[in-house]
Amino acid sequence: MQTPKKLLILLAALPLVILAATAQQYDYGDDYAQDYGQDSLYHDYAMKQQEKEVGKAGGGWNKLIIGTGIGWLVGSKVHVRRKEKKLNQKHKEEQKALYTQYYNDVYTLQQQNAELAQALEQMGVRVR
């Protein structure tokens, strides 16, 4: 007995469900097409993205070559600076040794001149 009651309730509710489903459909008509038909925002976005992808095709090698060149220049600066420090230190040491030798040679010559002048004075020759 309960089955026919449920069936009656379902049959009575069926038109209400159909009405509710059809009420949600809305006909936008020409207003929608007229307002947004010329809207090309997404189309423009898609075109720009496609152009970016096409432009990236050869960009990988360019970035690699530029990066390699910059790395080579920076590396050469670092290595040149190291070599320059070593050469400057070596040059300072050589220059110091040269000045020391020059000073010692001048001092030795002055002593020899003084000894010769003293020997000449003892012999009776007048020096200055």
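Leu7, Leu11, Leu14 and Ile18 form a nonpolar patch on the surface of this predicted model. The patch covers about 390 Å². One of its members, Leu7, sits in helix H1. That helix spans residues 2–23.

A second surface patch is of another kind. Here the charge is positive, and the contributors are Arg82, Lys83, Lys86 and Lys90. Lys90 belongs to helix H4, which runs over residues 59–123. The relative accessible area of Lys90 is 47%. This residue is therefore classed as partly exposed, because that class lies between the limits of 20% and 50%. A place in a patch requires over 30% relative accessible area, and Lys90, at 47%, has it.

Aromatic contacts were also examined. The structure contains one aromatic pair. Its partners are Tyr42 and Tyr45. The ring centres are 6.4 Å apart, and the planes meet at 40°. The pair is tilted, because its angle falls between the limits of 30 degrees for stacked and 60 for edge-to-face. Both tyrosines lie in helix H3, residues 41–55. Three residues separate Tyr42 from Tyr45 along the chain, or about one turn of the helix. Tyr42 has a relative accessibility of 65%. Tyr42 therefore counts as exposed, since the limit for that class is over 50%.

The overall fold was then described. The chain has four helices and zero strands. Along the sequence, the order of elements reads α-α-α-α. The chain comprises 128 residues, and 1% of them are buried. About 13,100 Å² of the chain is exposed. Carbon and sulfur atoms account for 60% of that area.

Definitions and conventions: Residues numbered from 1 in each chain as written. Predicted model: local features only at pLDDT ≥ 70, side-chain atom pairs only at ≥ 80, totals over all residues. Heavy atoms only, no water. Patch = residues over 30% accessible without salt bridge, like charges linked within 9 Å, V, L, I, M, F, W, Y side chains within 5 Å. Areas by Shrake-Rupley, 256 points an atom, 1.4 Å probe, with all protein chains shown as cover. Salt bridge = Lys/Arg side-chain N within 4 Å of Asp/Glu carboxyl O. Lys, Arg positive; Asp, Glu negative; His and termini not counted. Charge placed at Lys NZ, Arg CZ, Asp CG, Glu CD. Helix = DSSP H or I, 4+ residues; strand = E, 2+ residues; numbered from the N terminus. Buried < 20%, exposed > 50% of the residue type's maximum accessible area, 1.4 Å probe, protein only. Phe/Tyr/Trp six-rings, centres within 6.5 Å; stacked < 30°, edge-to-face > 60°.
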